[in-house]
Amino acid sequence: MIDELAIRLKARQFMAGLDLSNIDKDLTVYTRKVNAKLTTEEMHPGESGYTLTRRDGKSSIVVNELERRERQRFSACHEVGHLVLGLASNHQETPAWSYAKRDDNEIACDIFASELLMPFDAFKRDVDQDQPSFELVERLRSRYVVSFAACASRLAAVTDYPCAFVFMDATVVRYASRSKALRELNAWVEMRSPIPPGSVAHRLVREGEWSGEDTRVAQDVWFRDWPNGYDLTEMAKHYPTFEETFSLLWFEPDGGPDEPVKVWSGSVAQEDDGRLQELDGVLSFQKKTKKR
Ligand SMILES: [Zn+2]
């Protein structure tokens, strides 16, 4: 079982006092602190990086130079996570975002990496400049040099709007991150359920389109046991080649129910224990991951 809160706090402790002004160009401030040197080499497709630690305590972090720059940066910070958290690697056959199949140590290091690449205070300040949108995600991902999914996921987690980021594979909802406001309304996106009919994501998958937006998607399309009569904005991107679809869902702060919704499914109370509400995101996959 992953303690997401503890990992995020460790990352923030690790970052405290460091000069983060240059991390969009250079991650040395992080690698130096773990006594590591960052290099690149050509690796097989699907391999992202590894760390070698010598007897004198110095490490080499190696990332795959054939992958995109954002991916290389994420891999480097993921490896820093292995060193700081003292977690062993298990890097076989685990495509990024396939959280259902990913090892707990790997998910922990991904969480760590997202903290390092998108420092909470600065990222939250930037998110608060504007309402959620794909344009905002694009702006932030170029500023922080991270993948679309990593950026949108963190945006949904930290914004003051009721907002969720949902990741889907070919047909099934795999992962969602929700903002505090959305969690407080008791809005649940059902994991491992089919992509809901009526959603923009569903239409894109069905029609093989790449991108779409609708400002009038009924909230009960996405949220479990939700009253009808409220609309939200959904912006979705679909990548047929990878069979991946992402949706960003949000509505105006007064655009949903006034009171938290009573959700009747019995499992909810166990799923949301409230520990993470001070911080910036319940990553719902963690609660679903099988314990090892
Ligand atoms: Zn790893």
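**Group meeting: a walk through the model**

Let me start with a helix on a sheet: helix α3, residues 69–85, lies across β1, β2 and β3, and runs at about 150° to β3. Before I go on, please keep in mind that this is a predicted model.

So what is underneath that helix? The sheet is an open one of three strands, in the order β1-β3-β2, and its pairing is mixed. At the edges sit β1 (36–41) and β2 (49–53), each of which pairs on one side only. From one strand to the next the twist averages 20°. If you want to look at one pairing in detail, take β1 with β3, residues 59–64: these two pair in the parallel sense over six bridges. A handy place to put your cursor is Leu-38, whose bridge partner in β3 is Ile-61.

Next, helix α4, which covers residues 104–117. Does its length look stretched or as expected? At 1.5 Å a residue, its 14 residues should span 20 Å, and the end C-alpha atoms are 20 Å apart, which agrees. This helix is mostly covered, with 11 of its 14 residues buried. Among them are Cys-109, Ile-111, Phe-112 and Leu-116, but also charged residues such as Glu-106, Asp-110 and Glu-115. What do the buried residues of α4 pack against? The answer is a list of helices: α1 (4–15), α2 (28–33), α3, α5 (120–127), α6 (134–144) and α7 (148–158). So α3, our opening helix, turns up again here.

Let's stay with α7 for a moment, and with Cys-151, which lies in that helix. Is Cys-151 buried or exposed? It has 27 C-beta neighbours inside 10 Å; 20 or more are needed, so Cys-151 counts as buried. Leaving out residues up to four places away in sequence, Cys-151 touches Val-137, Leu-140, Arg-141, Tyr-144 and Val-146. Phe-123 is 28 residues from Cys-151 in sequence, and their C-alpha atoms are 9.6 Å apart.

Now on to another set of strands. β4, residues 163–168, and β5 form a hairpin with four residues between them. The two pair in the antiparallel sense over five bridges, and the bridge partner of Phe-167 in β5 is Tyr-175. Five of the six residues of β5 (173–178) are buried, so that strand is largely enclosed by the rest of the structure.

β4 also pairs with β8: six bridges join them, and they run antiparallel. Here Cys-163 stands opposite Trp-250 in β8. Strand β8, residues 244–250, is mostly covered too, with six of its seven residues buried. β8 has a further antiparallel pairing, with β7 (231–239), over seven bridges, where Ala-236 stands opposite Ser-247. β7 and β8 form a hairpin with four residues between them, and in the turn Glu-243 has a positive phi of about 50°.

Finally, the core. Which residues have the most contacts inside the largest nonpolar core? They are Cys-77, Leu-155, Ala-164 and Val-166, in a core of 68 residues. That core draws at least three residues from each of domain 1 (4–117) and domain 2 (120–282). Of those four, let me pick out Leu-155. Not counting residues up to four places away in sequence, Leu-155 touches Val-127, Pro-132, Leu-136, Val-137, Leu-140 and Phe-165. Val-137 and Leu-140 should sound familiar, since Cys-151 touches them as well.

That's my tour, thanks for listening!

Technical notes:
Residues are numbered from 1 along each chain as its sequence is written. This is a predicted model: local features need pLDDT of at least 70, side-chain atom pairs count only at pLDDT 80 or more; totals for chains, interfaces and linings use all residues. Two strands pair if DSSP finds at least two bridges between them. Axes are lines fitted to C-alpha atoms, for helices over the stretch in contact, and angles run from 0 to 180 degrees between N-to-C directions. Two residues are in contact if their C-beta atoms, placed from the backbone, lie within 7 Å. The expected span of a helix is 1.5 Å times one less than its number of residues. A residue is buried if 20 or more other C-beta atoms lie within 10 Å of its own, exposed if 12 or fewer, and partly exposed in between; C-beta atoms are placed from the backbone. A nonpolar core is a set of buried Ala, Val, Leu, Ile, Met, Phe, Trp, Tyr and Cys residues joined through C-beta atoms within 7 Å. Domain bounds come from an automatic or database domain assignment.
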